[in-house]
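Here is a short set of questions and answers for someone meeting this structure for the first time. Please look over the sequence and the model before reading on.

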Amino acid sequence: MRFAQKSLNLALVVFGFCAVVLAPLTAYAQDAPVPETHGIVVGNMDRAAKPGDNFFEYANGDWIKRTEIPPDRARIGVFSTLADLSDKRTAALIEEAAKGKMSNTSSGRKIADLYNSYMDEAAIEAKGLSPLRPHLDAIAAIRNKAELATALGESLRADVDALNNTNFHTPHLFGLWVAPGFNDSEHYTAYLLQGGLQLPDREYYLSDSDRMRDIRSKYQVHVSAMLKLAGFTDTDARAERIVQLEHAIAEKHLSLAENDDIHKANNTWKQADFAAKAPGLDWTAYFKGAGLNQQASFIVWQPTAFAGES
């Protein structure tokens with residue numbers, strides 16, 4: 001009897017959670033204001049489903065049947081609603097600053113200046129390539145491996161997050177993540193992750209599916225178009241070589257499934273280890289360019305990818 005009561009209590013908790021969480025989404029799907037109502041929405045239930053067979057279907061079945069996911073979304077949920085609300089409020093604050101209503105504060109002035117400069121398409125078009133020219137000239141001036149390694153190191157950013165957001169993608173050669181150490185949780189350490197791909201992950205380059213082949217073809221056209229806008233010649237051939245290089249990098253990458261295996265990710269390398277374990281890249285120049293030449297050690301998430309990319 002006690003077990004039955006506990007099961008009933010658990011079912012009620014789960015039912016309540018599902019119904020409360022999904023209740024506002026009816027309004028969301030219909031693009032209407034979210035009503036300030038709380039509790040179990042009986043109309044979301046599917047009474048034809050047996051709760052003992054599929055409790056989720058029983059609690060939410062009718063809501064699922066009548067709710068359409070917007071064409072620009074892969075999914076909807078309570079967090080989608082909250083994110084949209086947050087975006088709208090942030091946009092309203094920015095627009096208020098841009099109109100000069102917050103110009104009496106330094107932060108408001110910075111927000112207004114950034115927003116207005118970003119939206120001034122005429123000024124952007126008038127400047128043409130001039131804002132990019134120093135960067136393009138710096139790349140064109142690279143003459144040897146040490147200078148290349150320095151430039152690649154300067155591009156390193158803390159733009160990956162292996163555990164919290166499971167974001168393994170960076171377009172830079174490698175990605176940096178700073179978090180408590182695997183072996184010393186009392187202190188933060190530097191993690192390095194594979195990178196160098198513009199498309200989301202290795203499967204976009206290696207998969208033989210029709211969809212991925214189509215994406216690769218369109219991507220190469222896009223690369224050629226960007227090179228042409230940047231003033232380069234022979235852009236189709238250049239784009240082909242760029243995509244080939246990224247394909248070669250993708251072949252060295254670990255898959256997303258392999259990245260999730262944190263037992264294989266705990267690899268501590270001292271700075272001196274990089275030249276021996278991943279020869280090719282001038283690691284001294286790379287770390288100096290990244291401003292990490294004083295960092296004693298790193299946790300390298302994908303050692304084989306580092307050796308391959310180097």
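Q: Is the crossing of H10 and H11 left-handed or right-handed?
A: The crossing of H10 and H11 is right-handed, a word used when the near helix is turned clockwise from the far one by less than a right angle, whereas anticlockwise would make a crossing left-handed. This is a predicted model, in which local features need pLDDT of at least 70, side-chain atom pairs count only at pLDDT 80 or more, and totals for chains, interfaces and linings use all residues. Residues are numbered from 1 along each chain as its sequence is written, and side-chain values use heavy atoms, with hydrogens and water left out.

Q: Why are H10 and H11 called oblique to each other?
A: Helix H10 (residues 210–229) and helix H11 (residues 235–252) pack at about 125°, with axes 8 Å apart. Angles under 35 degrees count as roughly parallel, 65 to 115 as roughly perpendicular, over 145 as roughly antiparallel and the rest as oblique, and H10 and H11 are therefore oblique.

Q: What makes Leu206 partly exposed?
A: Leu206, found in helix H9 (residues 203–206), has a relative accessible area of 29%, and the term covers values between buried (under 20%) and exposed (over 50%), with a 1.4 Å probe and protein chains only.

Q: Which residues does Leu206 touch, not counting residues up to four places away in sequence?
A: With contact meaning heavy atoms within 4.5 Å, Leu206 touches Arg216, His247, Ala250 and Glu251. Leu206 and Ala250 are 44 residues apart in sequence, yet 7.3 Å apart in space, C-alpha to C-alpha.

How values were computed: Axes fitted to C-alpha atoms, helices over the stretch in contact; angles between N-to-C directions. Helix = DSSP H or I, 4+ residues; strand = E, 2+ residues; numbered from the N terminus.
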